[in-house]
Structures are given as structure tokens and as C-alpha cells.
Amino acid sequence: MWGQMQVKMAKRVAIIGAGASGLACIKCCLDEDLEPVCFEKSNDIGGLWNFQEKITDGSASIYKSLVSNTSKEMMCYSDFPFPDNCSNYMHHSKVMKYLVLYATHFNLRKYIRFATNVCSITQRTDFSTTGQWDVVTSDTEGNLETTTFDAILVCTGHHADPHLPLDTFPGIEKFKGHYMHSKDYKEPLKFEGKRVVIIGIGSSGGDLAAEISQHAKQVFLSTRRGTWVINRVAERGYPADMMYNRRFYNLFFPSLTTSLIQRMLNNRFDHANYGLQSTHSLYSQHPAVNDDLPNRILSGRVLVKPNVKQLTESAAIFEDGTVEDIDVVIFATGYSFAFPFLNESVIKVNRNHATLYKNVFPPQLEKPTLAIIGLIQALGSIIPVSEMQARWATRVFKGSAKLPCANNIMADISEKKEKRAKRG
């Protein structure tokens with residue numbers, strides 16, 4: 001009798017990264033009776049929200065004053081709301097505290113191996129039948145270890161490697177001032193009395209322009225195609241994302257909703273009058289969430305400029321022909337991402353885009369045992385998005401959910417690609 005009994009072992013899942021997405025993955029693995037092992041190269045959880053004074057290559061970095069762009073009501077995990085005493089929009093330290101509370105409440109830390117770097121993830125020779133992977137890791141002393149896993153969840157994010165397009169700005173090599181990426185920014189005091197040009201008008205570019213302009217002699221905000229600026233506070237003082245990010249609007253009245261919100265934003269301040277008129281619709285590109293920027297522009301502390309055409313030793317020449325003396329250039333030009341521990345046959349990144357089914361699964365794998373979690377640039381908080389992605393992926397790993405056939409997967413990917421091309 002005992003010889004006939006078989007013990008079914010839980011599938012082991014490797015999770016790469018212990019940020020907000022990685023924590024959700026650990027929790028979802030446990031919910032599906034999977035065995036998670038999370039590898040985190042730093043000494044703590046939090047990822048992007050774990051503020052560090054020191055800027056480290058390959059790790060995300062945030063500035064001292066950073067406040068969340070999404071409200072706590074729209075930002076929390078589904079089964080763990082923020083404490084009632086938290087403000088609607090929180091300083092990064094409060095978000096980090098929340099992630100600590102989440103990890104403690106669900107006892108997630110015991111599944112994390114800190115100070116462990118993932119060197120490579122490769123398919124085993126029998127992958128076509130087992131779907132298993134070999135994961136090679138190293139500790140702080142360089143000791144290597146190889147472990148076999150049944151599935152992989154990659155949660156490395158996309159705010160670690162700065163995109164610095166110096167080759168598109170002629171003369172940068174002659175510029176005698178200082179230039180930097182927004183990732184390197186921590187606080188504004190070092191720009192006291194300086195003339196600063198910020199290139200890029202995403203949320204980081206807008207935040208830095210508004211904050212630095214309180215200390216700098218002059219800030220120039222350079223943008224190629226404008227943006228939509230959204231205030232955190234909506235009618236009657238409610239958080240804006242609670243008012244506008246609703247499934248009812250987006251499912252049944254997407255065009256009407258977009259048009260209505262654009263009109264409301266222009267009623268607050270006409271973007272064209274401020275030099276911010278966008279060449280794209282509200283939801284086709286990521287808007288800038290900023291409460292202070294219009295006031296800083298109106299007071300003249302921030303001057304909006306078109307794209308920088310050329311740099312000289314001490315000045316910026318803009319595409320409208322104007323020339324401004326400058327001391328500092330800050331590139332708020334976003335980030336690049338890559339998966340150096342994965343072979344390109346598993347997932348290939350081309351021009352900062354990876355082909356994924358529903359932004360999660362590489363389509364060409366024989367077995368769907370690897371998923372990318374939290375890579376999408378969401379119009380809102382990544383936390384609930386990552387949680388839903390992790391819930392789906394872990395159920396696929398367990399076998400309680402299945403992906404469609406290869407033809408349907410590729411048709412879906414092609415349809416999404418065409419939509420992106422139309423949006424520009």
C-alpha cells in the first residue's frame with residue numbers, strides 16, 4: 001500500500017525581484033499552493049520604493065520629495081488596503097512602509113533570498129516536456145549556485161537603466177556645463193542660481209522642473225510633442241484617478257470619456273497657451289501628473305521650449321531658433337529595459353519593446369512556464385496590475401488556467417501592435 005502512494009510535490013517558482021510586483025508574486029504563488037523562491041539583489045524589499053541616497057547601476061532610484069501619482073484607494077493590493085491614517089497621495093517613505101506591512105502580514109520575507117544576484121536563467125534540455133529552468137545565482141562573495149525551477153516570474157521592473165540619447169543632441173560633447181539623467185536627481189539645492197534645461201516632459205520631467213525652479217535662476221522645459229498635465233485633485237477634492245479611472249467609462253464610452261476629460265483639463269488651463277499642446281490624445285501616451293507645473297510656468301520660473309536642436313559650450317539652441325545660456329542639462333528621457341539573464345530566444349527586446357502575450361507571456365515558448373510581471377507602463381498604479389498578472393500567471397503554472405492556441409496568441413499580439421502603431 002505504501003509503495004503505491006505518491007507524494008505530489010509543489011511546483012517551485014523562481015521570482016526575480018522583491019519589489020511591489022515580486023511581493024505580489026510570492027503571495028499569489030502561496031495562494032495557488034506553489035513554492036516560491038524570490039531572489040533579490042539588494043538587502044531589502046521595495047524595489048523602486050526603497051529610497052537610497054547612493055545611486056547604483058542596474059537599480060531604480062527615486063528623489064527625496066517623490067509623492068505617488070496614484071491615490072491609496074487605487075494603489076493598494078486587493079486584500080490589503082492602506083491604513084486609514086494614510087493620506088490619499090503618499091510620500092515614497094509611506095509607500096515603502098506599506099510594502100513592509102504587506103510583507104509582514106502575509107509572512108513573505110521567509111521566501112526571499114536577499115543579496116542574491118541572478119546570473120542566468122536557461123531552459124533545461126528536457127524543457128519541451130518538463131517546462132523546467134536552471135537558475136544560476138551568485139551571492140555577495142561571488143559563489144555560484146544552480147537551482148532547478150518549474151516556472152519563472154520576472155519582476156525586475158523598467159526604471160533601472162536610464163535612456164540617455166546623447167547622439168540625438170549634437171554638440172553635447174562640447175558642452176562645458178554639467179549633464180545628467182533624471183535618475184541621478186535627488187534634491188534641488190545643488191541647482192541654486194543655475195540655468196537648467198530639462199529635456200522631456202513625463203512625470204519626472206515635470207516634477208523636476210517644478211521643484212528645481214524654486215531654487216534655480218531659470219528652468220527651461222524642453223518638449224518635442226507636449227503632454228497632458230493632470231492634477232491629483234479633482235472635483236470636490238476627490239483624487240483624480242478615483243473619478244476618472246473607471247471601467248464603466250473606459251468600456252462603454254472610451255472616445256467620449258477621453259474627449260470630455262481633455263476638455264476639462266483645458267478648462268483648468270489651456271495647454272496651448274502654456275506651450276504644452278499635445279500632439280497625441282490623452283490616453284495614447286502617458287500623461288504628466290503634476291499639481292505645481294502650471295503655477296511655475298505662469299510665474300515664469302519655468303519656460304516651456306521646443307526640442308533642443310543643438311548644444312554649444314554654454315548654450316542650448318532650440319528648434320524655434322531661440323538660444324539660451326545654460327549651466328545644466330537634465331535628460332528626463334525615460335528608461336531602457338533588458339533581461340541580461342535570459343537568452344534572446346526566450347525574450348528579445350527591440351527598441352525598448354518586448355513581444356509578450358497580454359504583456360505577460362513570451363509567445364514562442366513550448367511551455368508557458370515563464371512570465372514577465374509589472375513591465376507594462378500602466379495608466380495608474382502598477383501594484384494592482386502586477387497582482388492581476390501574477391494571479392493569472394500562477395494559475396497557468398498550476399494548470400488551472402490555460403493559454404489559447406499559438407495562432408490566437410499571435411493574432412492578439414498583431415492586433416495590439418497595429419493599435420500601438422495607429423496611436424503613434
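**Notebook: strand β11, aromatic pairs and selected loop residues**

I began with strand β11, where Gln218, Phe220 and Ser222 point one way and Val219 and Leu221 point the other way, and all of them are buried. The model is predicted, and I read every entry below with that in mind.

**Entry 1. Strand β11 and its partner.** I looked up the cover along β11, which spans residues 218–222, and found five of its five residues buried. I then asked which strand pairs with β11 and in what sense. Strand β10, residues 195–199, pairs with β11 in the parallel sense, over five bridges. For one residue match I noted Val197, whose bridge partner in β11 is Phe220. Phe220 is also one of the buried residues that point the same way as Gln218 and Ser222.

**Entry 2. The chain as a whole.** I counted eleven helices and 22 strands in the chain. I compared the radius of gyration with the globule rule: a compact globule of 424 residues would have a value near 22 Å, and the chain has 23 Å, so the two agree. Along the principal axes, the C-alpha atoms fill a box of roughly 85 × 50 × 45 Å. Buried residues account for 46% of the 424 residues. The accessible surface comes to about 21600 Å², and carbon and sulfur atoms hold 50% of that area. I also looked up the contacts with a separation of 6 or more: 65% of them are between residues 24 or more positions apart.

**Entry 3. Aromatic pairs.** My search of the whole structure returned 19 aromatic pairs. I took up Tyr77 and Tyr98, whose ring centres are 5.9 Å apart; their planes meet at 20°, so I recorded the pair as stacked. The cut-off behind this is that planes under 30 degrees apart count as stacked. This pair links distant parts of the chain, with Tyr77 in the loop between α2 (72–75) and α3 (92–105) and Tyr98 in helix α3, 21 residues apart. Both Tyr77 and Tyr98 are buried. I next asked which residues form one aromatic cluster with Tyr77 and Tyr98. The cluster consists of Tyr77, Phe80, Phe82, Tyr98, Tyr102 and Phe106.

**Entry 4. Charges over rings.** Phe106, a member of that cluster, has the charged end of Lys27 over its ring, 4.6 Å from the ring centre. I noted another such case at Tyr89, where Arg232 lies over the face of the ring at 5.8 Å from its centre.

**Entry 5. Ser71.** I located Ser71 in the loop between β2 (35–39) and α2. Is Ser71 buried or exposed? Its relative accessible area is 0%, so I entered Ser71 as buried. Leaving aside neighbours within four places in sequence, I found Ser71 in contact with Asn88, Tyr89, Pro239, Asp241 and Met242. Among these, Tyr89 is the residue whose ring face lies under Arg232. I also looked up Ser381: its C-alpha atom is 8.5 Å from that of Ser71, although 310 residues separate them in sequence.

**Entry 6. Lys183.** Lys183 is found in the loop between β9 (178–181) and β10. At a relative accessible area of 4%, Lys183 is buried, since the cut-off for buried is under 20%. Not counting residues up to four places away in sequence, Lys183 touches Ile55, Thr56, Asp57, Gly58, Ser59, Ser61, Ala160, Pro162 and Tyr335. Of these contacts I followed up Tyr335, which is 152 residues from Lys183 along the chain, with 9.0 Å between the C-alpha atoms.

**Entry 7. The β15–β16 hairpin.** I asked how many residues the hairpin uses to join β15 to β16. The connection runs through three residues. The strands β15 (residues 308–311) and β16 (residues 315–318) are antiparallel and are joined by three bridges. Within this pairing, I found Gln310 opposite Ile317 in β16.

**Entry 8. Positive phi at two asparagines.** Asn352 is not a glycine, yet its phi is positive, about 65°. I placed Asn352 in the loop between β20 (349–350) and β21 (353–354). Asn352 counts as partly exposed, at 36% relative accessibility. Asn359 likewise has a positive phi, near 60°. Its place is in the loop between β21 and β22 (370–372). For Asn359 I recorded 36% relative accessibility, and this residue counts as partly exposed.

Note on methods: Residues are numbered from 1 along each chain as its sequence is written. This is a predicted model: local features need pLDDT of at least 70, side-chain atom pairs count only at pLDDT 80 or more; totals for chains, interfaces and linings use all residues. Side-chain values use heavy atoms; hydrogens and water are left out. Rings of Phe, Tyr and Trp (its six-membered ring) pair if their centres lie within 6.5 Å; planes under 30 degrees apart count as stacked, over 60 as edge-to-face and the rest as tilted. Helices (H or I, at least four residues) and strands (E, at least two) are DSSP runs, numbered from the N terminus. Buried means under 20% relative accessible area, exposed over 50%, partly exposed in between (1.4 Å probe, protein chains only). A charge sits over a ring if NZ of Lys or CZ of Arg is within 6 Å of the ring centre and within 35 degrees of the ring normal. The radius of gyration is taken over C-alpha atoms; the globule rule is 2.2 Å times the number of residues to the power 0.38. Contact means heavy atoms within 4.5 Å. Accessible areas come from the Shrake-Rupley method with a 1.4 Å probe; for residues, only the protein chains shown count as cover. Two strands pair if DSSP finds at least two bridges between them.
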